[in-house]
Structures are given as structure tokens and as C-alpha cells.
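Me: Please take a close look at one part of this structure. Keep the sentences short and explain each term as you go.

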Amino acid sequence: MSRTVYILGGHQTDFARNWTKEGKHISAMIREAVEGTLAATGVAAKDIQVGHVGNFAAELYSMQGHLGAFLVDVDPAFHGLPTGRHEAACASGSIALLAASAELEAGRYDVALVVGVEQMKTVSPAIGGDYLGTAAWYESEAKGVEFPFPKLFGKLGDEYDRRYGLKDEHLAHISAVNYANAKRNPKAQTRTWYMTEAHACGGGEYNATIGGRIKISDCSQVTDGAVGVILATEAYAAGWARQRGMSLDQLPRIQGWGHRTAPLRFVDKVEAAKDSPYVLPHTRQAVTDAYRRAGIADCWALDGIETHDCFTTSEYMAIDHFGLTAPGESWKAIEAGVIDFGGKLPINPSGGLIGAGHPVGATGVRQLLDCARQVTGTAGGYQVDGARRFAMLNIGGSGTTSVVFVVGRDA
Amino acid sequence: MEGMARAIKKVVVLGANGAMGSGSGAVFASAGIPTVFLARTRDKADAGRQRAEKMVKSTAISAFITVGSYDDLEREVAGADLVFEAVAEELGVKQEVFARVDAARKPGSVVATVSSGLSIAAMCAGRSDDFQKHFCGMHFFNPPTVIVGCELIGHAGTSPAVLADVRELMAGPLGREVIETSDTPAFCGNRVGFKVLNEVAQLAQEHGPAFMDALIGPHTGRAMTPLATVDFVGWDVHKAIVDNLYANTKDEAHAAFALPAYMQALIDKGHLGNKTRDKGGFFLTTGKGKEAQRFVLDPKSGTYRPAAEVKVELPAFVGAMNAAIRSGRYRQGMDAMAEATGTAADLMRKVVLGYVSYGLARVGEVVERARDVDRIMGFGFNWAPPSVLVDALGARRTVALLERAGLPVPRVVVEAAERNLMLFDEPEVDRGRFFFASAA
């Protein structure tokens, strides 16, 4: 039987920072995430047995590869640490988490450090948009296209519209909720920005259309950020908990996971999904895989969700794919206030990718850390009252790689 | 007791056409509070409203804004819960406005000034008891929509309950990082900040602006270099602040507030920094784009030399600081500053440690806690808060360095050294955001 994976805590950098303006190299981001994680958890550097880094495109943004090795640079105790770097576009952080947890489950190691990192403000928005295009099938979907991803996720909205109908005001509500939630999160990129549902519904100079039905208010942000977490097996976690006067079952653990990959091109996904009531059936499969592994029947066993709202349409998709509504009826949960902070099943109390920010390779790790904080009552201003179990969905590409984790504690 | 934040149902901004008026108005309207923009003319107030839209990048904000001229002052003020004054920074002008407000306002309404340094007590002298009880300073930094650090200042007669309520409004719906300061000249941020800026300007007379600005550059914990900052805020504003401090404070840094004679001579000739583009300040740029040419002031002659001809040779330890900061090794960067020898190192320590010393010594006089100084320097000036520098250097070493430099050792630093404590008290704030490396 595989070993249980516990989450001992972690650290998130302030997503409002611009590390290029600070004159910083990506190694500084990794260093702050690691030092912050060690300080937050009280785990000694010498106790870390393996390191995994999630990152999408440092070769493009920072002319830098081989990011695993930068962990070793942080502390002399890390010299010799086995490390690696993982990439699956915007799901890179989750792939690093899956790799680390697989090693712990298999019994290779007992303590793993996982860092997700992306420095994106090194280049102009147009060049950055082109780099992000490599998360699609670049030659056929992104080459020569200005801001390809808003257009691809606009098409996701169009597919909903074609099948079930889609109203833009429901997307505007998603945007407004994420921005409002971000105001409670001291690490959120947009915490001082102005956004209301009225603004998100409007257009004009300050809310221009970026591609298809996607306006500025529908988009997640270009973000610099790094996040670290420490995962551990019972062999280490039990002693760690005891030192803090806690029992093992008070620690958050990964209760279930799902990981599925759909065809890379969006048109191929749509074609492959034509007989499914779900627009992205592989994403739905990742959700149900995670539910099954966690031993839960449906989303109502959850107290909240951190989902991948790279655009409002992807959160709209997540609502029915997590099973809050029947396929195509996400709007019902929106209108009923289910997803609001304080709603029946809040989505993105952190502000999500739209409000908190989306440093691509760091997002999955940030989501897991937020889930762990929620279920341990340590999420501060954006704490969902009494949360015991959370789920997260991290997506790479246009719904291509989907990773879901269910995080909870038993006592 | 019901929080006052809920009782503020209408704000009137006076001087809503200016940068501070329109920016502060944008902050009120952003919080969904109906806000009246008043200016000399209705058109000017409307220009302020448009500026507010631009600052928050949304036309939706105008749903909360109405505009008018000073002809409407009495009528609008009568219904206001908060009157926010942002007219010209002249005591006489403000007093005149406050007399009109006093006659028109409803009892219990708050009256606040955005003044960056005039005496709060002097501004409300002669006003009614109820006015004085409800009068305070709400000092926002420019642009208020971006810079969240701000100061709340009461005078001896301000009701503590009013201050508590205004603090709640600022920290809550307005999303401010607020500190309370005493009604002392230039309050906290500008007193500590302009001490540094003017000291660098003084040192530039001997060492040159290009050298001083490079030496006290981003690696000493600031996004913008000191003399570029003075050019940015304007030499007239700089003069007003340091003259006020020189005339009205008597502390260990008194000499540092004396405006350099070369600056006064250039101000007399109309050199006010970036706002006088053709004349410049410490720096002058002619032409645009590829044609642009940068010049640097020679304080001794009052003339400008091409920047390319002004050689700035920084010692190797500055490179070591930058390299360490660039890869996130902030303590190592501060080690390089602490351990370096030579004239440049002494100059850097004089300014940087002088800032730590002067800033933290204001605890007990201008503010209550080190955290207050840290907040306003971090979130108002975007400078490394003094406590962040102390923690990076180590409190014990900071004490030794201050003593060696002949600078007063603030009590809070002594305590941190004795008890081996970290001084910076903002667990949610990344310390790293305050360390900058110069462009590689």
C-alpha cells in the first residue's frame, strides 16, 4: 500500500512584485520561496531529501534552464540534494507535486521540497503572449497570432455558447468575485486594483476586448511569483507534528489526485468531446479520479475549491466539471451565489489566477498551499470558515493537462 | 459601537482637480462611497473626475462621482459625512476654505486635510469646537491609487474616537496601510525621507550628483535613486519641506535640513526638476527618443555637463552588493556594505545608517512604534524600512556600526540587540521586495 503524503506548509512570495524592476534574477525567487518555506515550516534544510521545481518557460523568459540546481544554491546543506525540474505549461507546478508525491508514496524519500516559479515580467506583454503560445500547438495555433491564449479560451466560451448558451454577465460575475476575494489576500497581485461587476460588464478603453469574447477583466494576470511547499510521509510528519503538539491526523494530506491529458490542439479537444456532455471530458475525468481516490462521492464533500481561472471561461468550465451543476448549467451556481466567498461552495477564496495572479509554473503549488492553509484554518483574511477539505484544479494549455488534488485532514 | 466606516455615506473633495484631490477622490469612489468632486469651476472638477477614471482604469467609478464648483460648496458640505480638503498647500488658503466649511458643515462630520506638512492645529485654529474635534490630517502619498501608505494625524483637540473611526475607514474600505503620527513638522514619512534626500543633495556639492546618486542607489534599499526622487517631486516642494523642518525642528539631524545654497541659487533661476523640463534639476534630458541626451548638474558652477562625460567610479563593494541582491542574498549584500572600507563606504554608511538612526529615533516622538516608521517608509516611499535593514545587518552589528559612525543608537535597536529580536513586524510582507539591484 502506498504511503500517505502530508503537507507541512510552505511560503508564497507576494504576487504583486515585479522582480525585474527589483533587478532580480530567477534564482532570487527560488531562494526566497525556499527560505520562506523552511522558516514557515520549521523544517531544517538538512532534513530535505529531494527537491522538485515546477516551471514553464524560464529558458524563454530568463534565458535560464536547469532550475532544479538553483535549490542547491540556497543552502550548503542542500549540496548533493537530488533535484529536477518539471514542465507541463501552466500545470508545471502540479506535475512537480505529482512527481514528489509519487516518490514519497513509493517510499524513496520521506521529505520533499517542491517549488513552483515563474518570472514573466522580463519581457513585454506581446512577447510574453507569444511565449505562452508554446503551451498550445505553437505552429498551428499560436505562431503569428497576437495573444493566442485569450482567443483559445474565448473559443471555450464559444463552445459552451454553442452547446448550452452562455451569457457574458455570468463571466463578469466570476471576474468580480475573484477580484473581491483577492482584496482579502495580502499576497494577491490585484489586491489594490479597482474592479466591479459593472466594470467587468462594460467595455471601452479600460476594458478592451483581447480576443473573441475575452475582455481584459476576463483574464488572469502576468505575474512574477514563487511558491514552496514541503511534503512528507508519516515517518517524518509524525515527529514533526508531535514537536508542535499536534497529532498526525491534524495535518493536511493529499487525499486524492487526478491527472489526465487531452489532445493538444483545441479543435481536436472539441472534436474528441463531441459525444460527451462535458466540454472537456478529460478534465472531468481528472476530477472524478481525484474524488474516487479521496473516497468522496461528489463536490459537496468539499468546503471550497481553488480552480484554474486563467480566464473566466475556464472557471465557468470548472463549475460544472467539478459537479456543482449539471453540464452546461454553471450559470445556476453563479446566480445562486454558490461560488461566492461565504457561498455554499466558495471558489477561489484566494482570488484565483484572475485576482491573486498567475505565475504560470508556480500556480499549482500556490493552489496546493492555499488548500492546505484553508483546511488548517491558517488562511487569514480569506479563510473559509471551518474548512476541512478543499480541492484544486490546475490546467496546462487550452484544457490539455488537467491535475486535480483533494486536500483534507482527518481530525 | 457601530464602526464609522459605515456612517461615511458621502464625501466632498475640495480641490478635486489637482493630483492629490483627484487621486484621493478616486480612492473614496473606489470604495463605493458617493463622492463629490469640487473645484474652482465645474469643468475643472470634471477634469479631476476623468483623471480619477484614468488612475483606476475604469469608467465604472464615475457611478460614484458627481462634480461641481465652489459655488456648490455650502450645499454639498452640509450633507457630507467627510469633507476632504486638497487645495493649495498654503496655510492662508486652507484657513479660508475651512472657515466656509465650518459655517456649512453638519455637526459630527469629519473634516480632513491632505496637507503633507502644515500644522494640523494651525489649520483649524479659530474654528468651532465641533470642527476642531472632528479635524485631522489624512496624508496620502502621490499617486494615492498606487501608493497605499498614508498618515493619519490628529491635533491636541481631535477626538480620539474620531481618529479611531477614520483609521478604521482608511485601513478597511480604503485599503490603506495607515500609521498615526503626532502633529509635528512634516509628520513621519517626509521628515525621515527628506532628511536622507537633502543630506544626499548636500553631499552632492562635493562629490557630484552622478556619484552620490549611484552610490546611494537601488542597492541601498530604494526603487528610485535619491536625487532622481528630488527631481521627480520638484525642487520647490523639496525646499518647502526641508525649510519647514529646518525652521521648526531641533533634533540631531538639524543641519541635514539646511537647503544647499547651490539649490537655492538654481531655484531662483527657475530650475525645479522634472516639472521644468527645459531647465532640469540634478539631471536634465534634452530631446526625445534616440535624440535624447542626458546631462548632469555641476553644483559648483551651476552648469550641466553631458552625463557621458561624467565618470562615476564606484568601489568594488558596490558591485558585490548588487550581485548578492540580484540573486536574493540580502544579508550578504548588507555584509558587503558593513565590512567595506574607504571614503565611499563611509559615505554610504553615513547616509544609510543615518536613515536607520534618524528614522527609528522618531519612535516616541512622532510615532508610537518602529512598525509605524517602517510602514510609511516601506509603503509610502517604497524604501527599505529601517527595521528591514537592521534585521539584515543584525541588531548587534547595527549598534556597533552606528556607534562607529558617531550616530545616535535608537532605543528600539538597543532593545532588539539585547534581546536578540527581529525588529521588522510585518509577517505578511516580503522583506525581499525592499532590496533592489541596479540594472545589470
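Reply: Here is a walk along one strand and its partners, followed by a few other local features.

This is a predicted model, in which local features need pLDDT of at least 70, side-chain atom pairs count only at pLDDT 80 or more, and totals for chains, interfaces and linings use all residues. Residues are numbered from 1 along each chain as its sequence is written, while chains are lettered from A and ligands numbered from 1 in the order in which they are written.

Start with strand β2(B), residues 35–39 of chain B. Strands are DSSP runs of E with at least two residues, helices are runs of H or I with at least four, and both are numbered from the N terminus. In β2(B), 5 of its 5 residues are buried. Buried means that 20 or more other C-beta atoms lie within 10 Å of the residue's own; exposed means 12 or fewer, partly exposed is in between, and C-beta atoms are placed from the backbone. T35(B), F37(B) and A39(B) point one way from the strand. V36(B) and L38(B) point the other way.

Now look at the partners of β2(B). Two strands pair if DSSP finds at least two bridges between them. Strand β1(B), residues 11–14, runs parallel to β2(B) and is joined to it by 4 bridges. Here V13(B) has F37(B) as its bridge partner. The chain travels from β1(B) to β2(B) through helix α1(B), residues 19–30, in a right-handed β-α-β crossover. Right-handed means that, with the strands pointing away from the viewer, the path from the first strand over the helix to the second runs clockwise.

Strand β3(B), residues 65–69, also pairs with β2(B) in the parallel sense, over 5 bridges. F37(B) appears again, with V67(B) as its bridge partner in β3(B). Helix α2(B), residues 42–56, carries the chain from β2(B) to β3(B), and this crossover is right-handed.

Next, some loops of chain B. The peptide bond from N142(B) to P143(B) is cis, with omega near -10 degrees. P143(B) sits in the loop between β6(B) (135–140) and β7(B) (149–154). A186(B) is not a glycine, yet its phi is positive, near 60 degrees. Its place is the loop between β8(B) (177–181) and α8(B) (189–207). A186(B) counts as buried because it has 26 C-beta neighbours inside 10 Å.

Finish in chain A. M63(A), again not a glycine, has a positive phi of about 50 degrees. M63(A) counts as exposed because it has 9 C-beta neighbours inside 10 Å.
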